Every structure is written in structure tokens, then in C-alpha cells.
Amino acid sequence: LEKENLDTRTELDGGSQAFRLFSTQAKGDLLILYHLNPGLIDTIDAVARRIGRTAKEIDEDVRDLVTIGVLRTRKIGSHEVITFDKSKDDEAQESIVSHLKSIKTGRAG
Amino acid sequence: LRACFDLVLKNMLGQKVGDGIYDLLDREGIQRSEISAKFDEVVSVLNKAFGTSARVLVHKIAVGLYAEYSAWPKFTFYDSLTEQIVRLRDKVVSDRLTPRHTLTIDHQSGPKPVPESNAKTIPSHEISFTDIK
């Protein structure tokens, strides 16, 4: 699974990353949850409960955040757990900041 | 509104992106102190930067603002969010709602003066030295 996650991770530019990173409410809730609790290691069902949703509702969003690299999945015993990748999150933030800096403003020039 | 905006940016996107957004707003001629007054312009800058994802941010800000005033957010993700913020502002004025995290004028100006008639009924731990003559 770990290998699969690494293989499916894609390099996105800041703009695309920004658009995908919080494109849904569930992704926004997941980002808030993991920014406030970066050490959280839990199953998808438990994570979903923490943000007031069901596993089915957040499954696609979790997969997308895993693809971006901000979240990772690991197998602990018979359980698949979701963890936060702080370094990838920092990279994503840097990438978004670069995107923001590249935006031409109405006042420019 | 500014505090909610700041909190959502920090918690959802992190400090670096938050600072990047403030920098972008500054370049667009919107100072931090003007975020509440120019919120429509702030939303259009966010739309320009993040496209449709900006709606997730604005929705979180609106929900946070309603929570701050202990008001129930009776709107969905797809309603006009800036309209909901204006509606809350009207409700705050008409119902005299106060935010949860702001000190009242009583707290800011020290202990309340004790009226002569109520002095005996007030527990001793609430009476400060300034009340004893």
C-alpha cells in the first residue's frame, strides 16, 4: 500500500495543488483536523467520525489527499490507518505560496 | 470576521499560505485591517487565486463567524455566502449579539462597581480591594 501510494503521488504545480488540496468541504475539514492534530494516526472510519462524516463520504477525498502526498496510508496489523505527512504538507504550502506570488495583481505594472 | 478569516487560513492552509494570502491581498490594495470592510473584494481575490476551491474557505469563514455569535448557520454550501454574512451582521445589530471571544466593556474597565443596595448580597470573593473603603 505504501509503495502504491508513492507510485500514485503526482507532482503538481502550486496552482493545481491549491485547487485540488481543498476543493471539497471534506478535504477542508481533513486539513484542519490534521493541522491541529499532526500526530493523529487513525482508521478512515475514526477520522470520518472526528469530522462528523462517514468513511464512505470521505473515501475519495482521502485518496486524493494521499495522491497529493499530504496524507499517507499505512497498514498496522489488520487495520489501514491514515497519517499526516508534515514534510509533504510543508512542500505543498511552499508550492501554493509560489503560486500566490506568481499571480499578477490589478495594481501590478 | 477578520479573526475568523485568520483562523480558517491558519488552520486549513497553514501559516505560510496564510501569510501568502495576506501578501496577495496587500498587493491588491486590501490591508489586514480592511478585510471586514472589503470582504467582497477579498472573496474575489480568493476566487482568482484558488478558483472554485475558494468557496470552501469562504464557507468555513461564514460558519465560523456564525459560531462566534452563537447563531445557527441556516445556509447550505451553495447559498450566497457573502449574503449570509451580511444577514448575520444585521442580526448582530438587531439582536445585540456579542462575539464569544471578545471582552465586554465591563471586563475591559475592571471590576463592576457594587451598588450600595446590593453590596450585602454579593459573595466576599467577588469584592475587590477597591470596593473596600
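**Getting to know chain A and its partner**

Biologist: What relative accessible area does A:E94 have?

Modeller: Keep in mind that this is a predicted model. A residue counts as partly exposed when it falls between the buried limit of 20% and the exposed limit of 50%. A:E94 lands in that partly exposed class, because its relative accessible area is 42%.

Biologist: Which side chain meets that of A:E94 in a salt bridge?

Modeller: The N and O atoms of this salt bridge are 3.2 Å apart, and the pair is A:E94 with B:K16. It crosses between chains, running from helix α6 of chain A to helix α2 (residues 15-27) of chain B. The partner is partly exposed too, at 34% relative accessibility. So, with the salt bridge cut-off at 4 Å, the 3.2 Å pair qualifies, and the side chain you're after is B:K16.

Biologist: How many salt bridges does the rule find across the interface of chain A and chain B?

Modeller: You've just met one, A:E94 with B:K16. Another joins the side chains of A:D29 and B:K60, at 2.7 Å from N to O. For the interface of chain A and chain B, the rule gives a total of two.

Biologist: How many salt bridges does a search of the whole structure find over all chains?

Modeller: Some of them stay inside chain A, such as the network linking A:R20, A:K27 and A:D64. Others cross over, as A:D29 does with B:K60. Searching the whole structure, over all chains, brings the count to 14.

Biologist: Is A:D29 buried or exposed?

Modeller: Anything under 20% relative accessible area is called buried. A:D29 comes in at 12%, whereas its salt bridge partner B:K60 is partly exposed at 23%. At 12%, then, A:D29 is buried.

Biologist: What separates A:K86 and A:D90 in helix α6 of chain A?

Modeller: These two form a salt bridge, with their closest N and O atoms 3.1 Å apart. A:K86 is partly exposed at 47%, and A:D90 is partly exposed at 24%. Because they sit four residues apart in the helix, what separates them is about one helical turn.

Biologist: What relative accessible area does A:Q93 have?

Modeller: A:Q93 belongs to helix α6 of chain A. Leaving out residues up to four places away in sequence, it touches A:H35 as well as B:L13, B:G14, B:Q15, B:K16 and B:V17. A:Q93 counts as buried, because its relative accessible area is 7%.

Biologist: Which residue has its backbone nitrogen 3.4 Å from a polar atom of the side chain of A:Q93?

Modeller: Candidates come from the neighbours of A:Q93, and among them are B:G14, B:Q15 and B:K16. One of these also meets A:E94 in a salt bridge. The backbone nitrogen at 3.4 Å belongs to B:K16.

Biologist: How many residue pairs are in polar contact between chain A and chain B, and which helix gives the most to the side of chain A that touches chain B?

Modeller: The count of residue pairs in polar contact is 10. α2 (14-21), α3 (25-36) and α6 (86-102) of chain A each supply at least two residues to the touching side. With eight residues, the helix that gives the most is α6(A).

Biologist: How much area do chain A and chain B bury between them?

Modeller: The contact involves 25 residues of chain A and 24 residues of chain B. On the chain A side, A:F22, A:Q25 and A:L100 lose the most area, together 29% of what that side buries. Carbon and sulfur atoms hold 65% of the buried area, and the area itself is about 2200 Å².

Biologist: Stepping back, what share of the residues of chain A count as buried?

Modeller: Chain A holds six helices and three strands, which run α-α-α-β-α-α-β-β-α from the N terminus on. Its accessible surface comes to about 5900 Å², 49% of it on carbon and sulfur atoms. Of the chain's 109 residues, the buried share is 48%.

Definitions and conventions: Residues numbered from 1 in each chain as written. Chains lettered and ligands numbered in written order. Predicted model: local features only at pLDDT ≥ 70, side-chain atom pairs only at ≥ 80, totals over all residues. Heavy atoms only, no water. Buried < 20%, exposed > 50% of the residue type's maximum accessible area, 1.4 Å probe, protein only. Areas by Shrake-Rupley, 256 points an atom, 1.4 Å probe, with all protein chains shown as cover. Contact = heavy atoms within 4.5 Å. Buried area = accessible area lost by both parts, 1.4 Å probe. Polar contact = N/O pair within 3.5 Å; in protein donor to acceptor, adjacent residues only side chain to side chain.
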